[in-house]
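Subject: Structure for your review

Dear colleague,

Please find the structure below, handed over for your own work. My findings follow it, arranged by element.

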Amino acid sequence: MCLDYKKTYTIDPKRIRYSEETKAEAIAEYESGLSVREIARKHNMCKGNVSNWLSKCGGETG
């Protein structure tokens, strides 16, 4: 706990690594018509993850 601001923080946050299978499934779902938000909710992840994967594979987020 930071005594100056009375806030707790994580020094080294753990990063979640998603499998290539999960990434491919999310991209396929986007291509089949689901929105980025719907995919993120379905897989319980941030929509930024899905957007990043789509931009890396050449898809557009919208």
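In what follows, two residues are in contact when they have heavy atoms within 4.5 Å of each other. On that basis, among contacts between residues at least 6 apart in sequence, 36% join residues at least 24 apart. Please note that this is a predicted model.

Overall architecture

The chain holds three helices and zero strands, and its pattern along the sequence reads α-α-α. Of its 62 residues, 21% are buried. The term buried is used here for a relative accessible area under 20%, and exposed for one over 50%.

Helix H1 and the loop after it

Helix H1 covers residues 20-31. Its length can be checked against its number of residues: the expected span is 1.5 Å times one less than that number. For the twelve residues of H1 this gives 16 Å, and the end C-alpha atoms are indeed 16 Å apart, so the two values agree.

Which residues of H1 are buried? They are Thr22, Ala26, Ile27 and Glu29. Viewed down the axis of H1, these buried residues fall within an arc of 160°, so they line one face of the helix. That face packs against H2 and against helix H3, which spans residues 47-56. On the face turned away from the buried side, H1 carries the exposed residues Glu20, Glu21 and Glu31.

Two residues of H1 merit separate mention. Thr22 has a relative accessible area of 19%, and it counts as buried because the limit is under 20%. Leaving aside residues up to four places away in sequence, Thr22 touches His43 and Met45. Glu31, by contrast, is exposed, with a relative accessible area of 62%. The C-alpha atom of Glu31 is separated by 9.8 Å from that of Leu54, although the two residues are 23 apart along the chain.

Ser32 lies in the loop between H1 and H2. With a relative accessibility of 61%, Ser32 counts as exposed. The side chain of Ser32 reaches back to the backbone oxygen of Glu29, at 2.8 Å; Glu29 itself is among the buried residues of H1. H1 is also followed by Gly33, which has a positive phi near 120°.

Helix H2 and the loop after it

Helix H2 runs over residues 36-43, and its buried residues are Val36, Ile39, Ala40 and His43. Seen along the axis of H2, these residues fall within an arc of 100°, so they too line one face of their helix. They pack against H1 and H3. The contact between Thr22 and His43 joins a buried residue of H1 to a buried residue of H2, as the neighbours of Thr22 show. The face of H2 turned away from its buried side carries the exposed residues Arg41 and Lys42.

What kind of phi does Asn44, which follows H2, take? Its phi is positive, near 55°, in a residue other than glycine. Asn44 is placed in the loop between H2 and H3, and it is exposed, with a relative accessible area of 70%.

Helix H3

In H3, the buried residues are Val50, Trp53 and Leu54. They cover an arc of only 100° around the axis, which puts them on the same side of H3. Their cover includes H1 and H2. Just after H3, Gly58 takes a positive phi of about 95°.

The largest pocket

Rolling a probe the size of a water molecule over the atoms shows where empty space is left. The largest pocket has a volume of about 420 Å³. It is lined by 13 residues, of which Ile16, Tyr18, Lys23, Asn49 and Trp53 are the closest to its centre. H1 and H3 each supply at least two residues of the lining. Trp53 thus appears in two places in this account: among the buried residues of H3 and among the lining residues closest to the centre of the pocket.

Yours sincerely

Key. Residues are numbered from 1 along each chain as its sequence is written. This is a predicted model: local features need pLDDT of at least 70, side-chain atom pairs count only at pLDDT 80 or more; totals for chains, interfaces and linings use all residues. Side-chain values use heavy atoms; hydrogens and water are left out. Helices (H or I, at least four residues) and strands (E, at least two) are DSSP runs, numbered from the N terminus. Buried means under 20% relative accessible area, exposed over 50%, partly exposed in between (1.4 Å probe, protein chains only). A polar contact is a pair of N or O atoms within 3.5 Å; within protein, one must be able to donate a hydrogen and the other to accept it, and residues adjacent in sequence count only if both atoms are side-chain atoms. The arc is that of the directions from the helix axis to the C-beta atoms. On a 1 Å grid over the protein atoms alone, a cavity is a set of points where a 1.4 Å probe fits but cannot get out, and a pocket is an open set with protein on both sides within 12 Å along at least five of seven lines; lining residues have an atom within 4 Å of a point. Grid points are joined across faces, edges and corners, and a volume is the space filled by probe spheres set on the points.
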